[in-house]
Amino acid sequence: MTLLMEEKPKVGTKYVAALRARFGAAILEESWQAPDQVTVTVPLNSLPDVVAMLYYEQGGWLATVAANDERPLNGQFAIYYVLSVEGTNEGSQAPENAYVLVRAQIPPHQPEFPSVTPKVPAAIWYEREVRDMFGIQPIGMPDERRLVLPDDWPDGLYPLRKDTMDYRYRPEPVVEDENYEFINVEGEGVVQVPLGPLHMTSDEPGHFRLYVDGEHIIDADYRLFYVHRGMEKLAESRLNYDQVTFLADRICGICGYAHNVAYSSSIERALEIDVPLRAQYIRTILLEVERLHSHLLNLGLACHFVGFDTGFMNFFRVREKAMKMAEMLTGSRKTYGVNLIGGVRRDILKEQRTLITQVLGELKSEVADLVSILLETPNIVQRTQNIGRLEPQVARDFSPVGPTLRGSGFARDIRVIHPYAAYDRVPWHVVSKDGCDVLSRTLIRAEEFFESISLIERCLDSMPAGPILTEGFKYKPYKYALGYVEAPRGEDIHWSMLGDNQKIYRWKCRASSYNNWPPLRYMLRGNTISDAPLIVASIDPCYSCTERVTVVDVRKKKATIIPYKEMERYCIERKDSPLKKY
Amino acid sequence: MLRDSVSNLTVAEHSKYSIHEDPAAGQLKAALLKDIHRSVYVYRVDCGGCNGCEIEIFAALTPLFDVERFGIKVVSSPRHADVLVYTGSMTRSMRVPALRAYHAAPEPKICVAYGACGCSGGIFHDLYCVWGGADKFIPIDVYIPGCPPTPAATIYGFAISLGILGQKLKTSHHVQGEDEHVSLAHPQVPYLLRVQLERESRRMAGYLYGKQIADTFLTMLEENPNQVKENVQAYLDKQADPRLSEIVARLVTVYDGYQGAV
Amino acid sequence: MGRCIYCGRCEEVCPTGAITLSPDFELSVMNKQDLFEQADYKLAACHRCGKYFAPVKEIEYAGALLRQSDLPEVVKTNAGALLNICPECKRKNDVSKMVNLYQENKDVAR
């Protein structure tokens with residue numbers, strides 16, 4: 001495998017060269033984890049500029065931000081900004097897509113770093129999470145509220161620091177009631193509509209606060225992370241490498257397998273394990289089976305929210321066929337748990353193959369009928385066109401992912417940009433639309449559904465022979481790498497560093513919805529209350545994904561939140577909506 | 001200041017937060033069950049689930065499983081509910097909302113712990129940000145295990161909570177008998193050969209199918225060591241599965257290799 | 001059973017086939033205690049230090065596997081002698097053997 005690595009040319013050298021040209025000696029170190037993954041270490045004060053340059057000048061998208069307590073290794077905290085750098089489509093050059101990790105070390109006696117959020121808004125949630133979990137302050141971050149840790153968590157206790165607490169430590173609740181401060185929108189006639197955390201639009205907990213004037217939403221704020229359980233800490237303490245795959249399945253009950261693959265492939269990449277080709281095909285098939293059921297779920301909900309319950313029931317009826325397929329292939333309807341480090345646990349034999357081929361045929365014709373019924377229902381188009389607009393510029397600033405992004409004109413799909421599993425071995429195409437609205441996002445899901453079916457069929461047809469499991473490798477401590485998967489809702493990114501005791505040292509998993517929540521506020525503005533559930537459902541949010549793990553926020557300063565400037569102005573003047581400006 | 005002692009508030013310590021049910025509630029519940037028959041309103045309280053449970057409850061509602069035919073209907077407010085279904089491992093943030101939902105539902109009410117997390121905290125049972133199951137705070141009447149419970153298990157669980165069906169599972173206590181021994185699998189086949197065959201089969205077909213395929217091969221080997229190749233070929237012809245043939249061909253190679261070495 | 005995530009991993013890796021998953025779905029209970037299954041097995045004591053260290057059944061199984069294997073008799077006898085010794089005593093045994101070996105080598109070298 002070492003050989004393989006040398007054969008493959010490095011991708012992304014030009015970005016490192018560009019950084020060196022601009023920042024010179026500030027690029028302290030460069031190290032490659034994979035042919036298309038490079039870490040550059042920079043001094044703390046250059047961090048915002050380096051990230052901003054990659055993001056806006058080199059076509060970068062913020063994939064994730066991982067903080068790591070490396071004090072046992074080198075005496076410092078470290079923070080990694082992970083960008084997928086894709087170049088600026090100049091000329092007809094072949095795209096050069098690489099993951100660039102910008103790393104900076106943070107001294108433990110002064111746990112703070114300059115916030116990148118003012119330059120790259122996409123970093124906002126990540127930096128709030130780092131503050132919660134590690135107690136490292138982002139200096140210049142406008143939002144001082146907790147993100148992940150519950151309100152009743154004590155101040156000054158940071159779960160992910162290696163020396164703070166056992167993973168089982170449960171402090172006494174410090175407050176009896178929630179005390180999260182929602183943003184304060186004032187203006188004549190503005191009414192607050194609180195929704196949740198238990199509410200009727202969705203199954204999962206999340207507290208929304210809509211600020212409305214009459215029927216119109218002026219702004220929205222939300223408190224999520226009601227589902228934070230502490231998975232990342234669990235993976236570092238109780239479980240071994242193979243057991244974490246089952247935990248990864250439970251990050252999300254809908255797209256869990258995508259997380260599972262992302263986690264396994266991050267470890268495999270770090271260790272340069274050659275996963276057998278047949279296993280790669282099986283993973284691809286299962287990922288697409290998961291997309292089938294997930295998209296049917298979302299199409300069903302879209303019907304439900306516009307009052308077309310016949311469609312809702314019908315989509316859920318055919319969805320059971322996708323569930324049956326999953327059960328046949330994995331033994332489980334929802335939590336597949338099929339991956340091990342090095343391959344998969346189950347092969348596809350003739351019996352399963354025959355059955356899924358038959359089910360795929362049924363699904364194809366039934367869903368085609370349902371989608372045409374859906375689109376011919378006039379109500380649907382009326383209710384979804386131009387609703388919940390995600391303007392391309394907002395999308396560019398916040399790095400949303402999946403159908404949410406592809407509905408705003410960006411044909412960005414990790415399966416093509418950073419091919420993994422077998423996606424570069426079977427032909428298929430990316431679906432994108434430029435309507436920027438709920439309708440576009442719904443149509444994308446419908447088209448992707450059929451794309452998934454043909455992907456599965458092609459994978460079955462060209463499935464290679466050979467083993468499905470690589471065994472007998474050794475775990476090497478402190479190697480790290482990224483794993484990435486285009487889940488039904490967008491890319492899932494896992495950053496894993498291996499430990500020296502058969503346990504992972506640090507696992508940072510970022511689910512797709514994490515990147516889709518922050519821009520939601522912009523999508524809600526300017527619409528009516530009655531459209532809110534529809535808009536929320538159109539990003540197909542997954543609360544539990546996002547709320548995996550997190551922590552505490554440090555200081556509950558009574559500071560008022562400084563909203564984005566534009567938003568402030570809009571709140572005061574309540575005219576000239578920023579939405580119209582773009 | 002490493003806090004390594006497991007504080008783990010015990011159930012008794014939880015009690016200052018948890019709800020103590022009135023002893024008369026049992027009678028009220030029995031009366032309720034008699035009254036509601038086929039008109040049961042269910043409210044779901046997600047206390048930190050991964051969505052798997054929520055979506056399986058959804059699946060139980062929709063046409064294929066259709067719990068509505070039993071009169072079970074999901075409502076969108078706890079104030080309308082006869083049954084509260086608690087999913088998720090009870091995260092810290094959801095403790096207060098969960099109690100609020102409990103108090104909002106009219107008495108008498110039936111509380112169900114749903115899924116491995118709802119029953120005990122599941123894979124998250126001892127984590128810092130969860131309390132480990134709904135019964136730490138809420139008086140639970142019925143436990144539906146599963147991760148997630150399938151729609152069929154869900155329907156059965158509802159039937160139990162409504163007193164329509166009886167409970168099947170009973171706690172068991174096995175004590176080792178005097179002459180209780182583990183029997184060896186395939187005693188006629190040398191252990192090292194068996195391990196090699198099982199390993200190759202696992203590498204090719206995965207754990208479950210690999211085990212089954214190796215078992216079939218070993219059984220044939222035991223039955224008639226001299227005719228094993230002919231018998232295997234006849235079996236493969238009958239199955240007509242190219243992938244199975246590929247895997248078994250590897251096993252034959254392993255077998256030949258072992259014979260050669262001996 | 002309340003905490004089981006039904007991944008089936010135990011079934012797959014169990015060398016004796018003691019665990020099998022069934023399609024039975026009627027698992028709901030009114031009383032949490034009914035989700036528990038308890039099994040008591042006799043423990044074996046270490047022949048050296050007398051501490052209990054593993055179920056008798058497991059040691060018998062290991063012994064049976066050893067007899068079934070076609071290893072040379074001398075290996076079987078040596079390994080068989082260690083069956084009833086706990087891991088800690090085995091480690092101590094190994095260390096003292098190594099020390100002896102080292103001493104012998106030193107003596108030979110001299």
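**Exercise 1. Which pattern does chain C follow when read along the sequence?**

Solution. Bear in mind from the start that this is a predicted model. Begin with the elements themselves, for chain C has 4 helices and 3 strands. Next, place them in order, and chain C, read along the sequence, gives the pattern α-β-β-β-α-α-α. To complete the picture of this chain, note that buried residues make up 27% of its 110 residues, and that, among contacts in chain C between residues at least 6 apart in sequence, 39% join residues at least 24 apart.

**Exercise 2. Describe the contact between chain A and chain C, beginning with its residues and ending with its salt bridge.**

Solution. First take the residues: chain A brings 5 residues to the contact, and chain C brings 5 residues as well. Then turn to the area, which is about 490 Å² buried between chain A and chain C, with carbon and sulfur atoms giving 45% of it. On the side of chain A, 78% of the area buried against chain C comes from A:Phe246, A:Arg250 and A:Arg345, which is more than any other three residues supply. Finally, consider the polar side of the contact, where the count is 3 residue pairs in polar contact and 1 salt bridge. In that salt bridge the side chain of A:Arg345 meets the side chain of C:Glu12, at 3.0 Å from N to O. Sorted by class, the side of chain A that touches chain C has 3 charged and 2 nonpolar residues, and no polar ones.

**Exercise 3. Work out which strands of chain A are joined to strand β4, and by how many bridges.**

Solution. Start with β4(A) itself, which spans residues 76-85 and is mostly covered, since 9 of its 10 residues are buried. Strand β3 of chain A, residues 60-70, runs antiparallel to β4(A) and is joined to it by 10 bridges; within this pairing, A:Thr64 has A:Val82 as its bridge partner. Strand β5 of chain A, residues 98-106, also runs antiparallel to β4(A), and here 9 bridges join the two. In this second pairing A:Leu83 stands opposite A:Val100.

**Exercise 4. Decide whether A:Glu491 is buried or exposed, and name some of the residues it touches.**

Solution. Locate the residue first: A:Glu491 lies in strand β14 of chain A, residues 490-498. Its relative accessible area is 2%, and because buried means under 20%, A:Glu491 counts as buried. Leaving aside residues up to four places away in sequence, A:Glu491 touches several others, including A:Tyr99, A:Arg412, A:Arg510 and A:Ser512.

Methods: Residues numbered from 1 in each chain as written. Chains lettered and ligands numbered in written order. Predicted model: local features only at pLDDT ≥ 70, side-chain atom pairs only at ≥ 80, totals over all residues. Heavy atoms only, no water. Contact = heavy atoms within 4.5 Å. Buried area = accessible area lost by both parts, 1.4 Å probe. Salt bridge = Lys/Arg side-chain N within 4 Å of Asp/Glu carboxyl O. Polar contact = N/O pair within 3.5 Å; in protein donor to acceptor, adjacent residues only side chain to side chain. Nonpolar A, V, L, I, M, F, W, Y, C, P; charged D, E, K, R; others polar. Buried < 20%, exposed > 50% of the residue type's maximum accessible area, 1.4 Å probe, protein only. Pairing = 2+ DSSP bridges.
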